Amino acid sequence: MKQASFKKQSRLKSFALAFEGLKVLTLGERNFRFHLLAAALVFLAAFFFEIQTYEWLVLLLTVALVLCAEAANTCIEHVCDFICPERNYKIKIIKDIAAGMVLLASIFAAIIGVIIFGPYLVGLFK
């Protein structure tokens, strides 16, 4: 019986720590806030155009991918800075690749946005 309550507390603590991580990301990372703002604008456009359910699903997955990529990039940067605070060429390469991951996710998100919203925008101006 005690073990079950311990696991329950442990799970609750895990969620609390995860939310703390999201708070740190949101308050401390300018690029994460930029991606949140972009996501909010995308969702406002989706409501405005009354997009289809499958389009919502694609947008939600795409936004999640970009936000997760940004979070992973931030983690990688913090770990690199912790391990090697001084300038180091190998650390630079690791950080550049992590930033490239976010860039790739963002480029494909923009392409998906054009594919989904393009027809609605064309219809708006007809």
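**Exercise 1. Classify A110 by its accessibility and place A110 in the chain.**

Solution. Step 1: the relative accessibility of A110 is 46%, so A110 counts as partly exposed. The classes are buried for under 20% relative accessible area, exposed for over 50%, and partly exposed in between, with a 1.4 Å probe and protein chains only. Step 2: A110 sits in helix α4, residues 89-124. Helices (H or I, at least four residues) and strands (E, at least two) are DSSP runs, numbered from the N terminus. Step 3: E77 is 33 residues away from A110 along the chain, and their C-alpha atoms are separated by 24 Å.

The model is predicted: local features need pLDDT of at least 70, side-chain atom pairs count only at pLDDT 80 or more, and totals for chains, interfaces and linings use all residues. Numbering starts from 1 along each chain as its sequence is written, and side-chain values use heavy atoms, with hydrogens and water left out.

**Exercise 2. Do the same for D96.**

Solution. Step 1: D96 has 39% relative accessibility and therefore counts as partly exposed. Step 2: D96 belongs to helix α4. Step 3: from D96 to C84 there are 12 residues along the chain and 15 Å between the C-alpha atoms.

**Exercise 3. Describe the fold of the protein chain and compare its radius of gyration with the globule rule.**

Solution. Step 1: the protein chain holds 4 helices and 0 strands, and its pattern along the sequence is α-α-α-α. Step 2: the radius of gyration is 19 Å, well over the 14 Å that the globule rule gives for 126 residues, so the protein chain is more spread out than a compact globule. The radius is taken over C-alpha atoms, and the rule is 2.2 Å times the number of residues to the power 0.38. Step 3: the C-alpha trace spans about 60 × 50 × 20 Å along its principal axes. Step 4: 23% of the 126 residues count as buried.

**Exercise 4. Check the length of helix α3 and list its buried residues.**

Solution. Step 1: α3 covers residues 53-83, which is 31 residues. Step 2: the expected span is 1.5 Å times one less than the number of residues. Step 3: from first to last C-alpha the helix reaches 45 Å, close to the 45 Å expected. Step 4: the buried residues of α3 are E55, L59, T62, V63, V66, L67, A69, E70, A71, N73, T74 and C80.

**Exercise 5. Which residues do N73 and H35 touch, not counting residues up to four places away in sequence?**

Solution. Step 1: a contact means heavy atoms within 4.5 Å. Step 2: N73, in helix α3, is buried, with a relative accessible area of 5%. N73 touches K95, A98, A99, M101 and V102. Step 3: H35, in helix α2 (residues 30-49), counts as buried at 14% relative accessibility. The residues that H35 touches are V66, L67, E70, V102 and S106. Step 4: for the protein chain, 69% of the contacts with a separation of 6 or more are between residues 24 or more positions apart.

**Exercise 6. Where is E50, and what is the sign of its phi?**

Solution. Step 1: E50 lies in the loop between α2 and α3. Step 2: at 65% relative accessibility, E50 counts as exposed. Step 3: E50 is not a glycine, yet its phi is positive, about 50°. Most residues other than glycine have a negative phi.
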